[in-house]
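The following note sets out several points on charged side chains and internal space for a colleague's consideration.

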Amino acid sequence: MIRVIIIFLAMAFALPAFAQTRHALVIGIDDYAHVTPLQKARNDARAVADALKPADFEVTLLIDSGLEPLINGVERFVRTIQPGDEVLFFFAGHGVELDGQNFLLPADLRVPEVGGRLFLSQNALAVDMIQEMIADRRPQTTLVILDGCRDNPFPPGPDRSLGTTRGLARQSSSAGSFVLMSADAGEAALDRLSDRDTDPNSVFTRALLPRLTRPGATIRSIAPEVRSDVVRTAESVGRTQFPHWDDRLNSDFVFQQPLGGAEAQTVTQPLDPCAAARATWQVIADSDNEQVYDQFIQDHPQCPTLLAYARQRMQSLQAQIASAQSARPQLTSTFASGLACERMADRELIDFERLRSYAREAVVTCREALSDQPEDAPTMARLARALTAADENEEAYELYHKAAALGDTMAMNGLAIAYQEGRGTDKDESEALRWFRMAAESGDLWAQTNLGWRYETGRGVGQDHAEAVRWYRLAADAGHARAQTNLGWMLANGRGTDRNDSEAVYWYHKAAEIEYPRAIRLLGFMFENGRGVEKDEAKAVRLARQAAALGDDVAMYNMGQYFRSGIGITADPSKAIRWYEQAAEKGNTSAIWQLATAYRTGNGIEEDYSKSVEWYRRGVELGHAGSMNTLGWMMERGLGVPEVNLAEAVRLYREAADLGNATAMANLGEMYANGRGVDQSHEEAAGWYRAAADAGNALGMRRVGLAYEYGEGLPQDDEAAASWYRKAAEAGDTYGMSNLAGMYARGLGVEQNFANAAQWHTKAAEAGLAFGMRRLGQLYARDDTELTNPREAAKWLLAAAEAGDQPAMADIGGVYWSYGADETGLSPEIVFKWTLEASRGGHAMSMSNVAWMYLEGEGTQKDDQSGMKWMLKAEQNGNDNFSSNLSYWSNSRLRIAQTILRDEGFYTGAIDGAFGPASMAALRQYVAAGE
């Protein structure tokens, strides 16, 4: 016998464009033999098929099909697709989800005694596989519509994982495709409303059908309309059904052209209603004036999150005023008015927030003191401070000036802040700097700290970290807590001085001793990371809790992080959420982002996309770039919002990108590359990818490499491509690693070097990339390099197959038959298992190989019936091993082949093993039927 065996190395080639044709595969199954039958699925499929034919679809309709007819039907359908065609796949019937993967059930499926994924992979259709098969044919557009979310038909069992969920998982789309599902994740779609429901179609399909035939209707306009109808209809019988879609189309898809032809549509990107509000909030966020917040509420009623913060601030100020009497230091007749003013308003004794709570009483007391000593500069400064707390800024400014002229350093510092903030005078950074310097040089600790901050940030002066450290150290040595904390931070980060963790800890300790919250929190960071102290995560948690109790919102956020990650404390996602909520209420944008993400992922709280969107919107209103990016991602996919909004997604990505968010830059590049929400432009895409790459984003780096390799948006340049792949790989991008390995293997842009190729494929494979595992296995399987190693090849191909990589499943047999069991370490049973998997996935050579294994009993029980069945399937899928070796087949095996052809309806002659003209004609018809 002659056995034709090859190692199949999957490669992608650019294909030319062909004339566009519309293809539709429509499946409906009611008549389930072993699980609960349905009543509407056949009608749904027939009605959808009828609706698509006038829209120029070539429709393939399968009704109540078992597994083999379904597999054959899908494979035949896929082979009709040419590059550039438009494809629609519709399924009505039972579907189940297991471990995040969706499977469509054939009519003859039996309920297994045990099993889960393996059973389904062998006895049902995986939606991912169907999508992949269609995508491999490179259609322009693919629509996948699934009304297969009925109640799970499998009863739960102790050894069976198929009855534990209801509905399907959210099915994601690939580039150029749109997935529409009749219900959301975990929901069961209604086959009918009740036993009295006379409508011939399911709740979902009855909403879909009239829209398929409406002139000008697009999939993006249909989806939200169908969702609204289905939600309303389901609610009428007390049920919840919320159709879901995932949109990665390059452009919208029209079912029936509008009368008079397609009309151009202009999409206007919505203006951001909260942009002005955010800008105003940045100015007033630290104000102590109730009137400022009241005016903000009147001016910006359209921004609920910022309104809530403004109202909260007003309520806090009002509460402080109401408690002023109890908070005010109690005086007796023995105190002189000057001493009373000092105790009420001096900055060394009373912090500004407490002073605000009784500011007007302090003003009265300090006026009285100043009337007794009209030329006393410290009293003038204290009265000015009380006036500032009472928002009487103009008089405060005049008094600060007068006291500063008399040499009072507190007044000089206060005057500098008045110029800095524009309180009672125009903002003037140079004047603020002048007065800070004057006070600092006179020994004022507050002014020294403020001057150091100006040098650190470059506000009003050239940035000079060494000068900042000098001023911080002066104030820190004298005991100023904020200066001690700032100096510790400069030392811990090596700004303006050598990094010195031990000294940083010393200064944090000094400030923490007088309960300065930020110092306590930063000291915790040092214990968490073992910097300058012995690592002690539990102590880090205690310090964070202490700082949080003193009102530090970042410490509250850190407590959430500790509970989420289990650092220094037992992980508890629900407690993490509570800490995030506390920090979020104080306006901490990182906490807001974490809350939004928790609702999106269901981590520590029940998954709720709509609440996730609410929190992301709060972050957006406060200018948080990460919230803008993720909200854009949800808008792009229609998660938690009424419908997909690509224009809004683009706007949010752009705003986040303008704020420096590298992920948003990469996402914006994807939108331009695919023409989603914007006109397609590879040049614009490449520009955003480059911006993301320059900001350190690994995906952006890889995309720049692809742009150079294929000349899309950038000039074709293999050397530049290899260089960018290297940058992406070194930044941890696994596909970048494998892409760089591919350049080394082919000698493109770099000198050919198989050892380097293996090194980078290994990095990707060890990081869990199935594609990298397969490529590494294929590299070791080659017999033309110094790296040939059949055992390593087998190891990595098995790993890729276990990770679900279909081409690797086929390659396992190839390496086994090329090098043998001893050199590869592969057993015949393992080879049979994966060759069978590859055959079921549509790989023709694997079909031929699994046929031989059945025929020879290699790795499985000898079974001529199954062997010849797979051999004929291989012939139908383009492998001519059967017909080219006709003279070698025994009479008994040829009789089996004739019987199979007869059962398939192609042969009517005698079952005699004489494979003559009639048998060959039947074989040709059988092959043609599969094309």
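1. In this predicted model, Glu395 and Arg367 form a salt bridge in which the closest N and O atoms are 2.7 Å apart. Glu395 belongs to helix α15 (residues 393–405) and Arg367 to helix α13 (residues 359–372), so the pair ties together parts that are 28 residues apart in sequence. Both partners are partly exposed: Glu395 has a relative accessibility of 30%, and Arg367 has a relative accessible area of 35%.

2. A second pair lies within a single helix. Glu467 forms a salt bridge with Arg470, with 2.8 Å between the closest N and O atoms. The two residues are three apart in helix α19 (residues 465–477), which means that about one helical turn separates them. Glu467 is buried, at a relative accessible area of 19%, whereas Arg470 is partly exposed, at 41% relative accessibility.

3. A third salt bridge joins the side chains of Glu636 and Arg676, at 3.3 Å from N to O. Glu636 is located in helix α28 (residues 625–637), and Arg676 in the loop between α30 (662–674) and α31 (682–694); the pair therefore ties together parts that are 40 residues apart in sequence. Both residues are buried. Through shared partners, salt bridges link Arg220, Asp247, Glu636, Arg637 and Arg676 into one network. The count of salt bridges in the structure comes to 39.

4. Lys873 deserves a separate remark. This residue, found in helix α41 (residues 864–876), is buried yet has no salt bridge. Which side chain of opposite charge is nearest to Lys873? That side chain is Glu68, 4.3 Å away; because a salt bridge requires the nitrogen and the carboxyl oxygen to lie within 4 Å, the pair is not counted as one. Leaving aside residues up to four places away in sequence, Lys873 touches Glu68, Asn72, Met847 and Tyr926.

5. Regarding internal space, a search of the whole structure finds one cavity of 30 Å³ or more. The largest cavity holds about 40 Å³ of space. Its lining consists of Arg521, Gly524, Phe525, Glu528, Ala540, Leu543, Ala544, Asn558 and Tyr562.

6. Which helices supply at least two residues each to the lining of the largest cavity? They are α22 (517–529), α23 (537–549) and α24 (553–565). The largest share, four residues, comes from α22. By residue class, the lining divides into five nonpolar, two polar and two charged residues.

Definitions and conventions:
Residues are numbered from 1 along each chain as its sequence is written. This is a predicted model: local features need pLDDT of at least 70, side-chain atom pairs count only at pLDDT 80 or more; totals for chains, interfaces and linings use all residues. Side-chain values use heavy atoms; hydrogens and water are left out. On a 1 Å grid over the protein atoms alone, a cavity is a set of points where a 1.4 Å probe fits but cannot get out, and a pocket is an open set with protein on both sides within 12 Å along at least five of seven lines; lining residues have an atom within 4 Å of a point. Grid points are joined across faces, edges and corners, and a volume is the space filled by probe spheres set on the points. Ala, Val, Leu, Ile, Met, Phe, Trp, Tyr, Cys and Pro count as nonpolar, Asp, Glu, Lys and Arg as charged, and the others, Gly among them, as polar. Buried means under 20% relative accessible area, exposed over 50%, partly exposed in between (1.4 Å probe, protein chains only). Lys and Arg count as positive and Asp and Glu as negative; His and the chain ends are not counted. Contact means heavy atoms within 4.5 Å.
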